[in-house]
Number of protein chains: 2
Amino acid sequence: MEKSRNPIAQKLLESFTQFHRLNWRQSPIVGLKSSEIMLLFCIKRTVKSDSVGIKVSDISSALKVASPTVTQLINGLETSGFVERTMDQEDRRAVRVNLTDKGKRTLEKVSDVFYNSFDGLVEYLGEEESSKLAELLSKVFTYFNETRKENF
Amino acid sequence: MEKSRNPIAQKLLESFTQFHRLNWRQSPIVGLKSSEIMLLFCIKRTVKSDSVGIKVSDISSALKVASPTVTQLINGLETSGFVERTMDQEDRRAVRVNLTDKGKRTLEKVSDVFYNSFDGLVEYLGEEESSKLAELLSKVFTYFNETRKENF
DNA sequence: GGATATAATTAGGTTGCCTAATAATTTATA
DNA sequence: TATAAATTATTAGGCAACCTAATTATATCC
């Protein structure tokens with residue numbers, strides 16, 4: 001079985017395995033989990049200043065996770081003072097989420113570290129190779145998505 | 001902060017995020033977790049026929065996980081009949097792990113699906129692009145590993 | 001022979017998700 | 001207009017994939 005393995009496929013599998021172990025999302029800050037950081041980024045990216053905030057369901061679809069996942073992350077972030085919930089004035093079912101000042105300040109620091117690390121990576125790989133990588137990963141995603149649909 | 005972001009780094013981050021969601025290691029078989037499959041592959045790859053088997057510590061270092069992780073995975077796999085433990089004849093502290101016939105047969109099936117999927121990916125990307133991807137991912141791993149060492 | 005190191009194991013824990021169920025609210029339909 | 005259906009957020013419980021601390025027995029070193 002493994003003898004007839006395509007060596008390129010094998011090599012690709014090994015690089016995926018290695019990459020899997022990388023934990024590139026690792027939080028640069030104690031007290032903030034990587035999943036929480038991703039959520040804070042999502043709020044920051046979406047919510048303008050003086051805005052009513054973003055709904056749980058919008059975060060959920062933006063991050064492509066279930067809304068209970070978002071709820072529970074927000075519970076923790078609210079407790080720690082990074083976000084605040086307010087009621088939606090137009091829909092009594094909904095909640096609006098905003099960054100607090102503490103949240104904004106912390107996210108500023110996190111962004112620094114996080115994006116510097118990605119800038120460094122682009123520098124390390126070169127711009128052309130970085131774009132290439134992004135493109136190839138996107139193709140991988142497309143491939144697996146499509147073959148998994150077929151199997152259902 | 002996000003305005004000054006390098007667009008290539010941003011693009012790379014997005015492709016990493018997307019890939020993160022992919023779960024490429026997903027098990028093709030009900031009743032076997034992806035971590036278990038990786039462990040079975042590790043045994044298969046290492047243990048020759050009629051061999052005394054592989055030690056827990058060797059699996060642990062091969063997969064780069066803690067030995068309690070390996071122990072607990074083996075507990076489950078032994079219960080399900082995929083592997084068996086025997087005592088090491090030369091070292092009373094050690095245990096030797098081997099695939100059972102059931103384990104071998106099942107792994108044969110899993111390999112088929114799993115490797116076919118990777119073969120398909122190589123075909124989809126092309127051989128040159130596949131090799132390129134493997135190489136780039138390896139560089140990413142190297143980059144993050146080295147910058148993380150510096151931060152400690 | 002005693003100190004130190006090693007091997008596997010158990011227990012408990014964290015993170016990052018998921019689904020089922022629920023209550024309240026909004027929207028759609030007859 | 002009343003009812004059914006859909007939507008929103010939440011809580012509870014669960015799983016997978018790991019980790020560390022502690023422990024016991026064994027092997028190795030000095």
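1. Which atom of DNA strand C lies 2.9 Å from a polar side-chain atom of A:Thr69? The partner is a phosphate oxygen of that strand. Before going further, keep in mind that this is a predicted model, and everything below should be read that way.

2. Staying with DNA strand C, there are 24 residues around it, and the ones that come nearest are A:Ser34, A:Ser35, A:Ala66, B:Ser57 and B:Arg85. So both chains turn up in that short list, going by the chain letters. As for what the protein meets on the DNA side, sugar and phosphate make up 70% of the strand C atoms that come within 4 Å of the protein.3. Two more contacts to DNA strand C are worth opening in the viewer. B:Arg85 has a polar side-chain atom 2.8 Å from a phosphate oxygen of DNA strand C. B:Gln72 goes to a base instead: a polar atom of the B:Gln72 side chain sits 3.4 Å from a base nitrogen of DNA strand C.

4. Where does the surface near DNA strand C come from in terms of helices? Chain A brings helix 2 (34–46) and helix 4 (67–79), chain B brings helix 3 (56–63) and helix 4 (67–79), and each of these supplies at least two residues. Helix 4 of chain B gives the largest share, five residues. Sorted by class, the surface near DNA strand C holds seven nonpolar, nine polar and eight charged residues.

5. Now the other strand. DNA strand D has 24 residues around it, of which A:Ser57, A:Arg85, B:Ser34, B:Ser35 and B:Ala66 come nearest. Within 4 Å of the protein, 70% of the strand D atoms belong to sugar or phosphate, and bases provide the rest.

6. Three contacts to DNA strand D deserve a look. The side chain of B:Ser34 has an N or O atom 2.4 Å from a phosphate oxygen of DNA strand D. B:Ala66 uses its backbone, with a polar backbone atom 2.8 Å from a phosphate oxygen of DNA strand D. On the base side, an N or O atom in the A:Gln72 side chain is 3.3 Å from a base nitrogen of DNA strand D.

7. Which helix supplies the largest share of the surface near DNA strand D? That is helix 4 of chain A, with five residues. The helices that each supply at least two residues here are helix 3 (56–63) and helix 4 of chain A, plus helix 2 (34–46) and helix 4 of chain B. The class count for the surface near DNA strand D reads seven nonpolar, nine polar and eight charged residues.

8. Away from the DNA, have a look at how chain A is put together. The chain is divided into domain 1 (33–99) and domain 2 (101–152), and the contact between them takes nine residues from domain 1 of chain A and ten from domain 2 of chain A. Taken over C-alpha atoms, the two domain centres are 22 Å apart. About 830 Å² is buried between domain 1 and domain 2 of chain A, with 78% of that area coming from carbon and sulfur atoms. On the domain 1 side, A:Phe41, A:Phe82 and A:Leu99 supply 60% of the area buried against domain 2, more than any other three residues.

9. Is B:Arg96 buried or exposed? B:Arg96 counts as buried because its relative accessibility is 17%, under the 20% cut-off. This arginine lies in strand 3 (residues 95–99) of chain B. The B:Arg96 side chain makes a polar contact of 2.6 Å with the side chain of B:Asp88, and one of its polar atoms lies 2.8 Å from the backbone oxygen of B:Gly53. Leaving out residues up to four places away in sequence, B:Arg96 touches a set of residues including B:Val52, B:Ile54, B:Lys55, B:Glu84 and B:Thr86. B:Arg85, the residue with the phosphate contact to DNA strand C, is also touched by B:Arg96.

10. Last, a couple of backbone angles to check. Most residues other than glycine have a negative phi. A:Lys64 has a positive phi, near 60 degrees, and lies in the loop between helix 3 and helix 4 of chain A. With a relative accessible area of 56%, A:Lys64 is exposed. B:Asn23 has a positive phi too, near 55 degrees, and is found in the loop between helix 1 (7–20) and helix 2 of chain B. At 41% relative accessibility, B:Asn23 counts as partly exposed.

Technical notes
Residues numbered from 1 in each chain as written. Chains lettered and ligands numbered in written order. Predicted model: local features only at pLDDT ≥ 70, side-chain atom pairs only at ≥ 80, totals over all residues. Heavy atoms only, no water. Helix = DSSP H or I, 4+ residues; strand = E, 2+ residues; numbered from the N terminus. Buried < 20%, exposed > 50% of the residue type's maximum accessible area, 1.4 Å probe, protein only. Polar contact = N/O pair within 3.5 Å; in protein donor to acceptor, adjacent residues only side chain to side chain. Contact = heavy atoms within 4.5 Å. Near = heavy atom within 4 Å. Nonpolar A, V, L, I, M, F, W, Y, C, P; charged D, E, K, R; others polar. Domains from an automatic or database assignment. Buried area = accessible area lost by both parts, 1.4 Å probe.
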